[in-house]
Amino acid sequence: NMFFIRDGVTFDNMTLWMPDPAADGNDSSDYFYVFCCGNKTVINQNVTVIHGDGAYDGINTRIFGGSNVAVDSTDLTVLSGRWGWIYGGSYKDHISGDVHLTVGGDVNKDVDYVSHTYHDSYLVHGGSSMGDIGGTVYMQITGGNGYTTVYGGSNGTCSIGAVELTAGAVA
């Protein structure tokens, strides 16, 4: 299941409902993907993200500043909601320019972190899942956030120009 953001947008004071990724009965679609497609996207602090029937913990919901195709650059700010993985970069394919990712506020507030593996964790990646980044990754991590691990770069053998990380008071 995928949701594509086709223009710059700010989500504020609202509820986003993400369907249960397994609801379609297809075992291969275990995840729900939100692709910002390189558009400036802000998830403000007053946004609630509900997954499936409301009991779903968001572990399988991923948000990407990029997409599953090449984009020029990204600019993603996530200040609330429950997200399994947060990527400043793309899912697949490369980003020719810079990546900007800000994570803070109440992201993953009150999440239970018991017995999570890498693929079953709350992660923040500055880079991409599967794609090179031609420019610099700029990450800002602040607030009492809930995630198990923060990575400045990308998965695997993806290349990145440089990483600049600014971290504030992280609980």
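Let's start with Asp75, which in this predicted model has a relative accessible area of 25%. Buried means under 20% and exposed means over 50%, so Asp75 falls in between and counts as partly exposed. Now look for Lys40. Its relative accessibility is 48%, and Lys40 is therefore partly exposed too.

What does Asp75 form with Lys40? The two residues make a salt bridge, and their closest N and O atoms lie 3.4 Å apart. That distance fits the rule because a salt bridge needs a side-chain nitrogen of Lys or Arg within 4 Å of a carboxyl oxygen of Asp or Glu. Try tracing the chain from one partner to the other: Lys40 sits in the loop between β4 (32–35) and β5 (41–43), while Asp75 belongs to strand β8 (residues 74–78). With 35 residues separating them, the pair links distant parts of the chain. How many salt bridges does the rule give? The count is one.

The loop that holds Lys40 follows β4, so let's use β4 as our way into the sheet. Strands of a sheet pair through backbone hydrogen bonds, in either a parallel or an antiparallel fashion. Here, six strands make up an open sheet, and their pairing is parallel. Going across, you meet them in the order β1-β4-β7-β9-β11-β13. At the edges are β1 (2–4) and β13 (149–151), each with a pairing on one side only. From one strand to the next, the twist averages 10 degrees.

Finally, zoom in on one pairing. β4 and strand β7 (residues 61–64) run parallel and are joined over four bridges. Here you can find Phe32 standing opposite Thr61 in β7.

Terms used. Residues numbered from 1 in each chain as written. Predicted model: local features only at pLDDT ≥ 70, side-chain atom pairs only at ≥ 80, totals over all residues. Heavy atoms only, no water. Helix = DSSP H or I, 4+ residues; strand = E, 2+ residues; numbered from the N terminus. Buried < 20%, exposed > 50% of the residue type's maximum accessible area, 1.4 Å probe, protein only. Pairing = 2+ DSSP bridges. Axes fitted to C-alpha atoms, helices over the stretch in contact; angles between N-to-C directions.
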